[in-house]
Amino acid sequence: MAGDLVYPNGVNALTGEYLLDPLEPADVAALAKATPRNDAHERWLASVSNHLTQPSFGVPFDVTADDPASAGWGIVFQSDAPTALQQSLQKLIDHRRSQLGDAKVKILFHQPNEPWADWLARHGVGPGTVDPTMVPYYLLLIGPPTGLTFEMQYLLDVEYAVGRLDFDDVDGYRRYIDGVVDYESSTTTPRDASAAFFGTRHPLDPATQLSADAMVDPLAKAFAPGGRFAASIPGLRVDSSIGAPSTKAALKEILSGGGPAGRPAVLFTATHGIGGWPSGHPDQIGRQGALLCQDWPGVGSIDQAHYFAAPDLPADAQVHG
C-alpha cells in the first residue's frame, strides 16, 4: 500500500501494465464485504471457521514439530493415481523409511471430492487435533489440484507442514526424486554458509519501493554482521542486490554461484511476478511466474530481457536444497 492506493504485485508479460490496477482502500473493503455468490460455499466456510477457531495445542507434548523423525512424514496420493505414478515415488518413500523408520512413514490416499475434515476423520483425527501416529505432521501431496484441491492443501496447512509435487509426466517426478535423494545422501553440500537478498526498486512503482525499503533491505541488514539476527546463524555471509544492482544478469550470477555469496543456502527475492499469458500460450508454462528485474523500464513496456524465467536458469546452476 502506498499513499491512498493499494498496489498489488504482478506485471502483464504482454502489455507491461500491472496485472491488477491500483485499488482504492474503499474498493478493497467493499470486495471483502461483498455478499457471497454461493450460499452453500458461505455455509461451508463458516463451518471451516468454526473448526479452525477451536482451541488447538499443536503437536502432542512428546512430539518435536521440527524433527520428522519425531513428527512423522506422509505421502498423499489421489485414490485413482496411476500405478506408474505411485511407483515413481517409491525411491523417495524408501529413502524416508531409511531415515525415519517404517513406523514414521505413511502412504495415504484421498478419495475423489473428499472434503478436508472428512479425510482427516477417515484417518482417525479431526481439525484441531494433530496425532502423527494417525496422520504424520509432514505431508507431501502428489498430483495436480484437479484431484487434491488447493482448498484441501491450504486447510491442511493450517495445522500440518504441507507440500506438493506436480509434474507433467512420470519422468519429471523421477528426476526430481533422484535429485532430492542424491542431495540428502551426499557427504558434502553444494551450498555455502551465505544468504543472498534480491529486491527490485523501480521508479514510479510504489509496490517495489515499499517491498525494497520496508522488507528486503531491513531483513538483509538484520542478518548481516551487527544486525539483530546476526548471532542466530554464526558465520553467515550476506550479500544484497537491492534497487539498481538487482538486474537480470545479477540474478543469473547468484544462481550460477558466481556472485559474492557464492552458492547461497538461501535466496530471498521481492519483486513483481510475471503473468497475463492466455491459457495455451506457448510462453505460459515456461515463463509464468518469472521474476521482474531492475532492467524493466517501467509500466507500459515489457520484454523477455526484463525478467528472469525458467529458461534463463544457467545450465550449470546448482539449486539443490
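**The sheet and the largest pocket**

Good morning. Tyr138 stands opposite Ala161 in S5. This is a predicted model, in which local features need pLDDT of at least 70, side-chain atom pairs count only at pLDDT 80 or more, and totals for chains, interfaces and linings use all residues. Residues are numbered from 1 along each chain as its sequence is written, and side-chain values use heavy atoms, without hydrogens and water.

Let me turn to the sheet. S4 and S5 run parallel and are joined by five bridges; strands (E, at least two residues) and helices (H or I, at least four) are DSSP runs numbered from the N terminus, and two strands pair if DSSP finds at least two bridges between them. The open sheet has four strands in the order S3-S2-S4-S5, with parallel pairing. Strand S3 (105-110) and S5 each have a single partner strand, so one side of each is left without a neighbour in the sheet.

H5 lies across strand S2 (73-78), S3 and S4, at about 140 degrees to S3. Here contact means heavy atoms within 4.5 Å, and angles run from 0 to 180 degrees between N-to-C directions of axes fitted to C-alpha atoms, for helices over the stretch in contact.

I close with the largest pocket, which holds about 280 Å³ of space. A pocket is an open set of points on a 1 Å grid over the protein atoms alone where a 1.4 Å probe fits, with protein on both sides within 12 Å along at least five of seven lines; lining residues have an atom within 4 Å of a point. The volume is the space filled by probe spheres set on the points, joined across faces, edges and corners. H5 gives the most to this lining, with four residues.
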